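Work through the exercises below with the sequence and coordinates open. Each task is followed by a solution in steps.

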There are 2 protein chains.
Amino acid sequence: MRETTLRDVAELAGVSPRTVSNVVNGYAKVTDATRAKVERAIAELGYRPNVLARNLATGRSGQIVVVVPYLDTPYFAELLQAIIPAARKLGYNVLIDQTDGDREHEGELIGRGSRRFLFDGMIISPLGLAQEDLSVRDPDLPLVVLGERRSDGTFDHVGIDDVAASTEAVSHLIAIGRRRIAAIGDQPYPTGEAAQLRTKGFRAAHEAAGLPVDESLIIGTARFNRIDGATAMAALLDRADPPDAVFCYSDLVASGAIHTILGRGLRVPEDVAIIGYDDIEDGRYSQPTISTIQPDKKGIAQLAVDRLVMRIGSGQPVAGVELKVPHKLIARESTTGQKGGPTAGVHPLP
Amino acid sequence: MRETTLRDVAELAGVSPRTVSNVVNGYAKVTDATRAKVERAIAELGYRPNVLARNLATGRSGQIVVVVPYLDTPYFAELLQAIIPAARKLGYNVLIDQTDGDREHEGELIGRGSRRFLFDGMIISPLGLAQEDLSVRDPDLPLVVLGERRSDGTFDHVGIDDVAASTEAVSHLIAIGRRRIAAIGDQPYPTGEAAQLRTKGFRAAHEAAGLPVDESLIIGTARFNRIDGATAMAALLDRADPPDAVFCYSDLVASGAIHTILGRGLRVPEDVAIIGYDDIEDGRYSQPTISTIQPDKKGIAQLAVDRLVMRIGSGQPVAGVELKVPHKLIARESTTGQKGGPTAGVHPLP
DNA sequence: ATGAAAGCGCTAACAG
DNA sequence: CTGTTAGCGCTTTCAT
């Protein structure tokens with residue numbers, strides 16, 4: 001049995017396809033009488049518009065793609081969890097791509113290539129792409145960039161103020177009396193802008209407190225994973241003069257660092273205080289709970305989707321803007337040492 | 001400037017659209033000479049086929065949708081991470097939906113409703129849907145179900161042998177000398193089949209060892225999250241006769257339980273041994289590392305995608321089958337107590 | 001406010 | 001092996 005088409009509906013309702021289309025899309029003005037007739041016909045036939053046909057006719061797919069380096073990194077998973085419903089609410093389906101931080105893969109995506117018609121816009125959290133790479137792309141692709149890049153004026157950028165957030169994190173460590181503070185996660189090369197902003201905050205906090213920065217306490221890592229934190233922390237503890245606090249560039253790094261510290265029989269925060277970044281759910285349940293910088297993930301998701309849909313809607317190129325979303329310092333056991341029940345230190349959920 | 005179309009290519013190459021289509025899709029036999037001509041024209045014009053048009057013509061979207069309850073649950077994130085490349089390799093794009101375990105939402109999806117033409121098939125990990133609900137659905141939708149359901153013969157089901165795996169987990173606790181073993185995560189109601197299978201394994205292990213089951217040690221939880229584990233564990237420790245081991249129905253539950261135990265100044269595994277389920281990455285880094293049941297996630301992803309694509313390809317309905325994927329018991333510190341470096345107890349990655 | 005008709009760009013049945 | 005041609009089902013300009 002053939003699927004019922006718009007034409008079938010038109011016939012049954014005794015109107016033209018044009019009118020049915022109008023009713024379905026709520027377009028032009030339609031008499032209440034005809035609208036009722038059409039709607040009855042639709043109900044009777046169980047008609048559902050064929051999205052594929054509509055896509056071809058309109059030249060739009062009604063889909064946006066979200067590109068992240070890793071899906072199983074809690075931060076990105078949590079972000080996606082927020083983006084999907086926000087997009088759905090505006091009538092867009094979400095396609096997901098993961099790139100493993102591969103520069104070529106990311107580059108191909110923003111160049112659009114073979115999947116050109118598959119999505120109307122893109123939200124990307126680049127890892128492998130350097131700042132300049134972002135400018136070499138399909139200029140017609142509506143684009144919103146997440147994380148630590150700067151807009152070149154052709155796309156929007158949504159993120160938190162990383163330097164300010166990092167400064168707060170390190171200032172917090174100083175405020176609780178720590179003086180030998182290490183940083184884990186620096187990436188002093190073109191694609192490591194995220195990391196560099198955090199290092200900048202690390203320095204700023206020292207300067208504000210009138211403390212010198214021990215350069216040897218800034219440890220670089222290729223990625224922001226647990227293993228990186230665990231390894232870097234081991235190196236720090238092997239020193240003759242280990243730090244009494246560490247600013248980790250992600251909660252995952254913090255988790256790895258804590259693992260190493262506890263594994264050596266030392267205590268957190270008594271021997272070494274730890275603060276992370278991202279406020280992933282794990283940090284609220286780890287032992288000890290992890291102090292962190294909490295970006296407003298829902299805010300990021302909502303803003304990114306709103307801007308992207310706006311860009312798609314406006315046929316014209318829109319000037320790219322920098323959008324800052326609020327963040328918050330969440331002090332938990334890994335710096336304060338205060339114990340509590342399973343939800344101690346958890347920021348109240350909305 | 002108009003996009004170049006297949007017709008433009010045909011013209012430039014001096015052949016018919018039909019031939020260009022053949023070349024692009026590698027369909028019928030084409031002379032090497034004409035193929036070369038066409039390919040040159042394609043390159044010259046920078047032609048990219050319009051997926052939207054192709055979709056309409058073929059009646060297929062080239063997309064599959066993966067439906068999970070929560071994206072930010074590590075187990076699902078890790079599974080998705082495996083599914084996406086597997087699907088991409090077979091030429092399918094992946095749409096992702098999260099349902100929050102909402103029965104209605106899941107029901108609407110397998111009924112297909114308005115997005116009927118948007119995807120050619122579905123992989124779903126149902127949470128809110130009971131076994132019977134799965135049978136009430138669009139019979140033309142190629143479907144592969146993940147997790148703990150049974151096939152009703154119209155769809156495929158991919159999963160591990162939960163009863164066997166659970167039995168192994170509990171037998172492991174018995175093998176290390178524990179006798180008062182609790183279970184956290186039972187769900188004795190229609191949508192709790194996953195949980196019930198694990199409870200079945202829990203009983204089976206006791207029976208095999210000739211141990212009685214203390215029914216009061218089987219704790220129900222609404223979900224499999226950290227907070228559920230933390231709360232249930234607190235109740236267990238409040239008893240006059242607390243358990244000396246706990247089988248947790250997910251690693252997240254285990255993580256919450258450990259949080260509670262350590263928070264009370266008790267030790268894992270000395271005072272209470274813990275084993276989880278799923279082998280999420282967190283478990284390899286938590287303190288202590290968590291013993292668990294490791295399902296072959298890549299195997300599940302590959303099998304699910306393969307079967308689904310096969311179903312889509314065969315126009316005819318295919319008899320649904322039960323597909324079992326291997327699992328493995330991974331003993332880590334939370335049961336063995338052995339310490340190690342950051343990767344101790346980690347199952348070697350492929 | 002509604003009808004008629006021309007595509008959107010591709011695929012595939014039907015020749016040849 | 002290749003050309004011709006008729007749609008896929010919807011949107012949308014142009015009339016009326």
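B:Pro269 sits in the loop between α10 and β9 (273-275) of chain B. The model is a predicted one, and the exercises begin with this loop and its counterpart in chain A.

**Exercise 1. Backbone geometry at the prolines**

Task: Determine whether the peptide bond from B:Val268 to B:Pro269 is cis or trans, and do the same for A:Val268 and A:Pro269.

Solution.
Step 1. Read omega for the bond from B:Val268 to B:Pro269: the angle is near 5°, and the bond is cis.
Step 2. Turn to chain A, where A:Pro269 has its place in the loop between α10 and β9 (273-275). Omega between A:Val268 and A:Pro269 is about 5°, and this peptide bond is cis.
Step 3. Set the result against the usual case: most peptide bonds are trans.

**Exercise 2. Sign of phi in the next loop**

Task: Find the sign of phi at A:Asp278 and at B:Asp278, and decide whether A:Asp278 is buried or exposed.

Solution.
Step 1. Locate the residues. A:Asp278 belongs to the loop between β9 and β10 (292-295) of chain A, and B:Asp278 to the loop between β9 and β10 (292-295) of chain B.
Step 2. Read phi. At A:Asp278 the angle is near 120°, a positive value in a residue that is not glycine. B:Asp278, also not a glycine, has a positive phi of about 120°.
Step 3. Recall the background: most residues other than glycine have a negative phi.
Step 4. Apply the burial cut-off, under 20% relative accessible area. A:Asp278 has a relative accessible area of 12%, so A:Asp278 is buried. B:Asp278 is likewise buried because its relative accessible area is 12%.

**Exercise 3. Surroundings of one proline**

Task: Describe where B:Pro242 is placed and which residues B:Pro242 touches.

Solution.
Step 1. B:Pro242 is found in the loop between α9 (226-237) and β8 (245-248) of chain B.
Step 2. Leaving out residues up to four places away in sequence, B:Pro242 touches B:Arg180, B:Leu236 and B:Leu237.
Step 3. For a C-alpha distance, take B:Ala182, which is 60 residues from B:Pro242 along the chain; the two C-alpha atoms are separated by 8.8 Å.
Step 4. Classify the exposure. The relative accessible area of B:Pro242 is 34%, so the residue is partly exposed.

**Exercise 4. Enclosed space**

Task: State how many cavities of 30 Å³ or more the structure holds, then characterise the largest cavity and the second largest cavity.

Solution.
Step 1. The count is 3 cavities of 30 Å³ or more.
Step 2. The largest cavity contains about 290 Å³ of space. Its lining has 26 residues, and A:Ser286, A:Gln287, B:Ser255, B:Ser286 and B:Gln287 lie nearest its centre.
Step 3. Assign the lining of the largest cavity to elements. α10 (251-263) of chain A and α10 (251-263) of chain B each supply at least two residues. The most comes from α10(B), with 5 residues.
Step 4. Sort the lining of the largest cavity by type: 10 residues are nonpolar, 10 polar and 6 charged.
Step 5. Repeat for the second largest cavity, whose volume is about 130 Å³. The lining here has 15 residues; nearest the centre lie A:Asp72, A:Pro74, A:Asp282, B:Pro74 and B:Asp282.
Step 6. In the second largest cavity, α5 (74-89) of chain A and α5 (74-89) of chain B each supply at least two lining residues. α5(B) gives the most, with 3 residues.
Step 7. By type, the lining of the second largest cavity splits into 4 nonpolar, 1 polar and 10 charged residues.

**Exercise 5. Chain A as a whole**

Task: Give the confidence, fold content and surface of chain A, including where pLDDT stays under 50.

Solution.
Step 1. The average pLDDT of chain A is 89, and 95% of the residues score at least 70.
Step 2. Over residues 340-350 of chain A pLDDT stays under 50, and the model has 20 contacts beyond four places in sequence for this stretch.
Step 3. Chain A contains 12 helices and 12 strands. Along the principal axes, its C-alpha atoms fill a box of roughly 85 × 45 × 35 Å.
Step 4. Chain A has 350 residues, of which 55% count as buried.
Step 5. Among contacts in chain A with a separation of 6 or more, 69% are between residues 24 or more positions apart.
Step 6. Chain A exposes about 14500 Å², with 54% of this area supplied by carbon and sulfur atoms.

Note on methods. Residues are numbered from 1 along each chain as its sequence is written. Chains are lettered from A and ligands numbered from 1 in the order in which they are written. This is a predicted model: local features need pLDDT of at least 70, side-chain atom pairs count only at pLDDT 80 or more; totals for chains, interfaces and linings use all residues. Side-chain values use heavy atoms; hydrogens and water are left out. On a 1 Å grid over the protein atoms alone, a cavity is a set of points where a 1.4 Å probe fits but cannot get out, and a pocket is an open set with protein on both sides within 12 Å along at least five of seven lines; lining residues have an atom within 4 Å of a point. Grid points are joined across faces, edges and corners, and a volume is the space filled by probe spheres set on the points. Helices (H or I, at least four residues) and strands (E, at least two) are DSSP runs, numbered from the N terminus. Ala, Val, Leu, Ile, Met, Phe, Trp, Tyr, Cys and Pro count as nonpolar, Asp, Glu, Lys and Arg as charged, and the others, Gly among them, as polar. pLDDT is the predictor's confidence in each residue, from 0 to 100. Contact means heavy atoms within 4.5 Å. Buried means under 20% relative accessible area, exposed over 50%, partly exposed in between (1.4 Å probe, protein chains only). Accessible areas come from the Shrake-Rupley method with a 1.4 Å probe; for residues, only the protein chains shown count as cover.
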